[in-house]
Amino acid sequence: MSYGQAVCAALERAMAADPRVVALGEDVGRGGIFGQYRGLQQKFGAARVIDTPISESTIMGAAVGMALTGLKPVVEMRVVDFALCAMDEIVNQAAKARYMFGGQGRVPLVARLPIGIWSGSAAQHSQSLEAWFAHIPGLVVVTPGTAQDNYSLLSAAIACGDPVIYMEHKELWGLEGEVLESEQVVLGKARVLRSGTDVTLVTWSRTVQAATVAAEAAAKNGISVELIDLRTIWPWDRETVLSSAAKTKRLVVAHEAVRAAGFGAEIAATVAEELGVPVKRVGGARIPVGYSRPLEDEARVSAEAIMHALG
């Protein structure tokens with residue numbers, strides 16, 4: 001099953017099980033721009049898979065209202081870059097309602113805000129802004145990197161009961177892998193993809209692929225890498241990361257987002273404060289993503305860059 005098919009299957013299963021689950025956004029009726037809603041309006045009708053006007057603030061504002069009145073909306077923002085038009089609804093409404101009203105109003109919505117470089121789409125369609133949302137109290141932030149996780153993590157996000165910023169990667173939709181519908185995950189729990197003894201490598205989303213290549217190359221040079229896919233940015237799995245870093249005595253964090261003030265800085269600072277081990281960060285340059293391929297490549301985080309940090 002592909003990454004896109006997996007998440008569509010997870011949403012179909014959730015909608016079949018619970019009539020409160022609805023989906024809304026631009027083009028969801030025709031299946032979404034990545035096919036991530038394919039066939040759902042035909043099965044559940046236009047009252048539950050709702051095509052909306054091109055107005056992100058309206059879409060998110062409607063979803064917050066739906067959630068406060070008992071529905072469980074899955075909100076399609078197409079890409080995180082477009083969701084910037086809905087920041088007030090996310091940051092000042094969805095994130096704060098439960099706290100400000102003493103738990104009387106909860107906002108159990110899932111906002112799908114795909115992140116990452118989108119080849120040939122330039123600076124306004126290629127941002128990785130997960131650190132923005134991790135900074136906001138009241139939000140859960142999820143970054144699935146595999147087809148299985150896109151199935152299991154969406155299921156967990158819908159069941160969460162709080163607003164979840166669900167950040168798929170724009171270039172993973174065709175990634176294929178085995179998907180077990182029975183596999184359940186807990187938000188906030190990382191997955192150790194590779195055991196090692198010399199250095200801990202923490203990453204998430206599409207960078208898992210480059211990190212895997214780097215870890216395999218490092219092994220040929222005699223460096224044993226413990227590779228961790230964080231999967232959930234907030235809450236993040238401090239226990240797994242700290243336990244691994246305590247064993248290996250070194251930490252590298254790699255992510256596609258801009259390195260400056262990226263979420264890797266939070267992980268690196270925590271490990272340095274708790275354990276005092278050496279840390280390194282690998283991230284994107286603080287530049288807009290260029291339209292031409294050579295400029296775009298300058299913004300990408302490569303396996304070679306990660307391998308250099310591991311060495």
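Which element gives the most to the lining of the second largest pocket? I would like to start there this morning, and I should say at once that what we are looking at is a predicted model. The answer is helix H8, which contributes 5 residues to that lining.

Let me stay with this pocket for a moment. The space in the second largest pocket comes to about 340 Å³, and 18 residues line it, with Arg13, Ser155, Ala156, Ala159 and Gln184 lying nearest its centre. Two elements give two or more residues to this lining, namely helix H1, residues 3-17, and helix H8, residues 147-158. Sorted by class, the lining holds 9 nonpolar, 4 polar and 5 charged residues.

Turning to the largest pocket, we find about 460 Å³ of space and a lining of 23 residues, among which Gln127, Ser128, Leu129, Ala257 and Val258 lie nearest the centre. Helix H7, residues 130-134, and strand E11, residues 251-258, each supply at least two of the lining residues, and the lining as a whole divides into 15 nonpolar, 5 polar and 3 charged residues.

There is also 1 cavity of 30 Å³ or more in the structure, with a volume of about 40 Å³. Ser128 and Ala257 are among its lining residues, together with others including His169, Trp204, Arg206 and Glu256. By class, this lining has 3 nonpolar, 4 polar and 3 charged residues.

Now to the packing inside the protein. The largest nonpolar core has 47 residues, and those that touch the most other members are Leu109, Leu113, Phe133, Ile165, Leu230 and Ile267. Among the elements that give two or more residues to this core are strand E1, helix H3, H7, E11 and helix H11, and the largest share, 6 residues, comes from H3. If you pick out leucine 113 on the screen and set aside its neighbours within four places in sequence, you will see contacts that include Met77, Val80, Ile90, Phe133, Ile165 and Met167. A second core, separate from this one, has 35 residues, including Ala9, Tyr151, Leu154 and Ile158.

Helix H13 deserves a careful look as well. Its buried residues are Ala303, Ile306, Ala309 and Leu310, and because they cover an arc of only 125° around the axis, they sit on the same side of H13. As a reminder, an α-helix has 3.6 residues a turn, so residues three or four places apart point the same way. The buried residues of H13 pack against strand E8, helix H9, strand E9, E11 and strand E12, whereas the face turned away from the buried side carries the exposed residues Glu304 and His308.

I will finish with some backbone details. Tryptophan 234 and proline 235 are joined by a cis peptide bond, with omega at about -5°, and proline 235 has its place in the loop between strand E10 and H10. Aspartate 27, in the loop between E1 and helix H2, is a residue other than glycine with a positive phi, near 70°, and with a relative accessible area of 25% aspartate 27 is partly exposed. Alanine 261, which is found in the loop between E11 and H11, also has a positive phi, in this case near 65°, and at 67% relative accessibility alanine 261 counts as exposed.

Technical notes: Residues numbered from 1 in each chain as written. Predicted model: local features only at pLDDT ≥ 70, side-chain atom pairs only at ≥ 80, totals over all residues. Heavy atoms only, no water. 1 Å grid on protein atoms, 1.4 Å probe; cavity = no way out; pocket = protein on both sides within 12 Å on 5 of 7 lines; lining within 4 Å. Points joined across faces, edges and corners; volume = space filled by probe spheres on them. Helix = DSSP H or I, 4+ residues; strand = E, 2+ residues; numbered from the N terminus. Nonpolar A, V, L, I, M, F, W, Y, C, P; charged D, E, K, R; others polar. Core = buried A, V, L, I, M, F, W, Y, C linked by side-chain atoms within 4.5 Å. Buried < 20%, exposed > 50% of the residue type's maximum accessible area, 1.4 Å probe, protein only. Contact = heavy atoms within 4.5 Å. Arc of directions from axis to C-beta.
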